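Trainee: I should like to work through this model with you, one question at a time. Shall we begin once it is on display?

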Amino acid sequence: YCLGSGLSWEPRSRAVEQVHLRCTEGSLEWMYPARALRVVLEPNLSSARHTTVCIKPASDFQGASIYVEHAGQLHLVVSEAEGAQPHHVSCFSVHTPQRVALFLQASPQRDISRRTASFQYELLSNQSAAGPEFKKMALVEAMCRPCDNVELLMAICSSDFVVKGSIRNVSHDSENHMSQVDVSVQKVYRQKNSIFQQDEASGEWRGPIRTLLQCKVKMGGGVFLFTGNEHFGEAWLGCAPRFKDFMFIYRAAREGGANPCEFQLG
């Protein structure tokens, strides 16, 4: 994960400052933006599968606009006016996944103090993209369908989070085409970051999981195994079988030597 912050140059210099980031995901903070900044995404482990770049500006994004370079031209991705939208994510395809160039143009202003242009970015594979909803944070792994056994067994091995729990509440955000599932967690098997946390008052473990509004998630009883990946600090739903069904599938696979990884059942 890359984190870039701070730049310094001669006040009289007219050169465009360049920054090279070599991670597939990360963030950049440009304080007191002036003139222009060129950000080159060059992941060390780049491959042809990284064919989409998504950018999420901070809620207090100010002082600049973001463009992407393509065929020698600049195309606007994030304008300063859009930066304050809390869930706004811009995604675009790239033809040279080993090297993506972004151009940040500072907005003309007399006073640049207290302005910061910061954003997060992710390089994604084409497999995650699905139509126009993709631009509204549709970075989900399962496209509104149950996972088959092979997908489920792979999900417990490779997902950013794997938790056992039940659904506390489901809320819908039609404007951003998202639904949020609030989960009461019985056991955290794995999580990349601390999205699922223990409530100090009740001692209960809880956490939010997002998915597409079109998936029409509803309240349901019982215990589930929730899996998925994190994007821009949020958990997005992947496979979510009932826990008893998962146990049956995993035990059968393990007995037949078909489980791709070991999973702690206790």
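**Strands, disulfides and salt bridges**

Mentor: Let us start at one position: G165 stands opposite V185 in strand 12. Please keep in mind throughout that this is a predicted model.

Trainee: How many bridges join strand 11 to strand 12?

Mentor: Strand 11 covers residues 161-173 and strand 12 covers residues 178-191. The two run antiparallel. The number of bridges that join them is twelve.

Trainee: Which residue takes a positive phi in the hairpin of strand 11 and strand 12?

Mentor: This hairpin has four residues between the strands. The phi in question is near 60 degrees, and the residue that takes it is H177.

Trainee: Which residue in strand 15 does G165 stand opposite?

Mentor: Strand 11 also pairs with strand 15, residues 224-231, in the antiparallel sense over five bridges. G165 has V185 opposite in strand 12. In strand 15, the residue opposite G165 is F224.

Trainee: I would now turn to the cysteines. How many disulfides does the count come to?

Mentor: One disulfide joins C147 to C239, with S to S at 2.0 Å. Another joins C157 to C261, also listed with S to S at 2.0 Å. The count comes to two.

Trainee: How many residues apart in sequence are the parts that the pair of C147 and C239 ties together?

Mentor: The link of C147 and C239 is left-handed, with -95 degrees about the S-S bond. C147 lies in the loop between strand 10 (116-125) and helix 1 (149-158), whereas C239 lies in the loop between strand 16 (234-237) and helix 2 (243-255). The pair therefore ties together parts whose separation in sequence is 92 residues.

Trainee: Is C239 buried or exposed?

Mentor: Its partner C147 has a relative accessible area of 24% and is partly exposed. For C239 the relative accessible area is 7%. Because buried means under 20%, C239 is buried.

Trainee: What separation in sequence does the pair of C157 and C261 span?

Mentor: The link of C157 and C261 is left-handed, with -95 degrees about the S-S bond. C157 lies in helix 1 and C261 in the segment after helix 2, so the pair ties together parts that are apart in sequence by 104 residues.

Trainee: What relative accessible area does C261 have?

Mentor: C157 is partly exposed, at 25%. C261 is partly exposed as well, and its relative accessible area is 21%.

Trainee: Let us consider charged side chains. How many salt bridges does a search of the whole structure find?

Mentor: Among them is the salt bridge of R206 with E204, whose closest N and O atoms are 2.8 Å apart. R206 is partly exposed at 30%, and E204 counts as partly exposed at 23%. The search of the whole structure finds a total of five.

Trainee: Which residues do salt bridges that share partners join into one network?

Mentor: The side chains of K56 and E234 meet in a salt bridge at 3.8 Å, N to O. K56 lies in strand 5 (residues 50-57) and E234 in strand 16, so this pair ties together parts that are 178 residues apart in sequence. E234 also forms a salt bridge with R210, at 3.2 Å between the closest N and O atoms. The network that results from shared partners consists of K56, R210 and E234.

Trainee: In which strand does R210 lie, and are E234 and R210 buried or exposed?

Mentor: E234 in strand 16 and R210 are 24 residues apart, and R210 lies in strand 14, residues 205-212. As for accessibility, both E234 and R210 are buried.

How values were computed: Residues numbered from 1 in each chain as written. Predicted model: local features only at pLDDT ≥ 70, side-chain atom pairs only at ≥ 80, totals over all residues. Heavy atoms only, no water. Pairing = 2+ DSSP bridges. Disulfide = S-S within 2.5 Å. Buried < 20%, exposed > 50% of the residue type's maximum accessible area, 1.4 Å probe, protein only. Salt bridge = Lys/Arg side-chain N within 4 Å of Asp/Glu carboxyl O.
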